[in-house]
Amino acid sequence: MPLLIVETSCSLIGWLFLYVLLCHLNSDRDYEWNCRLVTLLHGILSVCVTAYIGFIAGPWPFTHPGTENTPLQILALVLSLGYFFFDMVWCVYFRTEGPVMLAHHTMSILGILLALGLGESGIETCAVLFGSEITNPLLQARWFLKRIGRYDSLAGDAVDLLFILLFASVRIGVGSRMLYCELTSPRPSLIVKVCGVAIYTLSWIFMVDIARFACRKTRSKYRRWKEQYKLEDSNGRADKLK
């Protein structure tokens, strides 16, 4: 446990140092811009490391849940744990996120602490991190596009569409399979299974919000297309009368 505290503290200090460095280098940008850059970097790093763990280093999370943690799994979990502590404090201090996102951070912290404390279930925890963070770069790209005034463009539509498809296919589709393997396997402890159900439930809450957003955006796009079509049609008729 003392070693875990030291490792997590080092991770937290590392993410905090990166944030301070970005604030210094991007002094013309606000605090949230630089925090989003840290979030983007964590998402990319986390996806790369956990993808290597799941697809190359092994074991396969769908067939070996509840197995003993490997050093690489511990490294990935500690890196993310430090980040989630940093981002949780930042979000609470600046009050930028709602209760659902704070609940996500809280569950992520508890889930990682649980895997590290038990010394097992690191592989499925890394798999959950991969599924959670794979959509993160797109989420940050969406925010940056809004800030620079490029969201209402083809790039914004592409980012939204890819985000929705990835979230639905990975976090809901693959996540359902991962949860089934977790619940039916005799190896993981009961508390790990309960934590898995809680995180999966939270993913569905996000999915409902995303579906509502998709419906609103589709209706808005359709109305704008219809108005544009009527305007072009009326202009065409006016030209013929001249």
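Q: Welcome in! In which loop is Arg95 found?
A: This is a predicted model, with residues numbered from 1 along each chain as its sequence is written. Local features need pLDDT of at least 70, side-chain atom pairs count only at pLDDT 80 or more, totals for chains, interfaces and linings use all residues, and side-chain values use heavy atoms, leaving out hydrogens and water. Helices here are DSSP runs of H or I with at least four residues, strands are runs of E with at least two, and both are numbered from the N terminus. With helix H3 covering 71-94 and helix H4 covering 99-118, Arg95 is found in the loop between H3 and H4.

Q: Is Arg95 buried or exposed?
A: Arg95 is not a glycine, although its phi is positive, at about 55 degrees. Buried means under 20% relative accessible area, exposed over 50%, and partly exposed in between, using a 1.4 Å probe and protein chains only. Because its relative accessibility is 75%, Arg95 counts as exposed.

Q: Which residues does Thr96 contact, leaving aside its neighbours within four places in sequence?
A: Thr96 also lies in the loop between H3 and H4, and its relative accessible area of 29% makes it partly exposed. Contact means heavy atoms within 4.5 Å. With neighbours within four places in sequence set aside, the contacts of Thr96 are Glu32, Trp90 and Cys91.

Q: Is Ser121 buried or exposed?
A: Ser121 has a positive phi of about 65 degrees although it is not a glycine. Its place is in the loop between H4 and H5. Since its relative accessibility is 1%, Ser121 counts as buried.

Q: How many of the twelve residues of H5 are buried?
A: Helix H5 runs over residues 122-133. Its buried residues are Gly122, Ile123, Glu124, Thr125, Cys126, Leu129, Phe130, Gly131, Ser132 and Glu133. H5 is thus mostly covered, and the number of its buried residues is ten.

Q: What span should the twelve residues of H5 have?
A: The expected span of a helix is 1.5 Å times one less than its number of residues. The end C-alpha atoms of H5 are 16 Å apart, which agrees with the expected span for its twelve residues of 16 Å.

Q: Are H2 and H6 roughly parallel or roughly antiparallel?
A: Axes are lines fitted to C-alpha atoms, for helices over the stretch in contact, and angles run from 0 to 180 degrees between N-to-C directions. The axes of H2 (residues 31-57) and H6 (residues 136-147) come within 9 Å and cross at roughly 155 degrees. Angles under 35 degrees count as roughly parallel, over 145 as roughly antiparallel, 65 to 115 as roughly perpendicular and the rest as oblique, so H2 and H6 are roughly antiparallel.

Q: Is the crossing of H2 and H6 left-handed or right-handed?
A: At this crossing, residues of H2 including Glu32, Trp33 and Arg36 meet residues of H6, among them Asn136, Pro137 and Gln140. A crossing is left-handed if the near helix is turned anticlockwise from the far one by less than a right angle, and right-handed if clockwise. The crossing of H2 and H6 is left-handed.

Q: How do H6 and H7 run, and what is the handedness of their crossing?
A: The axes of H6 and H7 (residues 154-184) come within 9 Å and cross at roughly 155 degrees. That makes H6 roughly antiparallel to H7. Residues of H6 including Leu138, Leu139 and Ala141 meet residues of H7, among them Ala155, Gly156 and Val159. The crossing of H6 and H7 is left-handed.

Q: Which peptide bond is cis, with omega near 0 degrees?
A: Look at the loop between H2 and H3, the place of Pro59. The cis bond there, with omega near 0 degrees, is the one from Gly58 to Pro59.

Q: What percentage of residues 190-215 is helix?
A: UniProt, in an unreviewed entry, lists "transmembrane region" for spans including 190-215; such annotations may be inferred rather than shown by experiment, and positions follow the numbering used here, with feature names shortened. The end C-alpha atoms of residues 190-215 lie 38 Å apart. The strand share of this span is 0%, and its helix share is 100%.

Q: How many helices does the chain have?
A: Read along the sequence, the pattern is α-α-α-α-α-α-α-α. The number of strands is zero, and the number of helices is eight.
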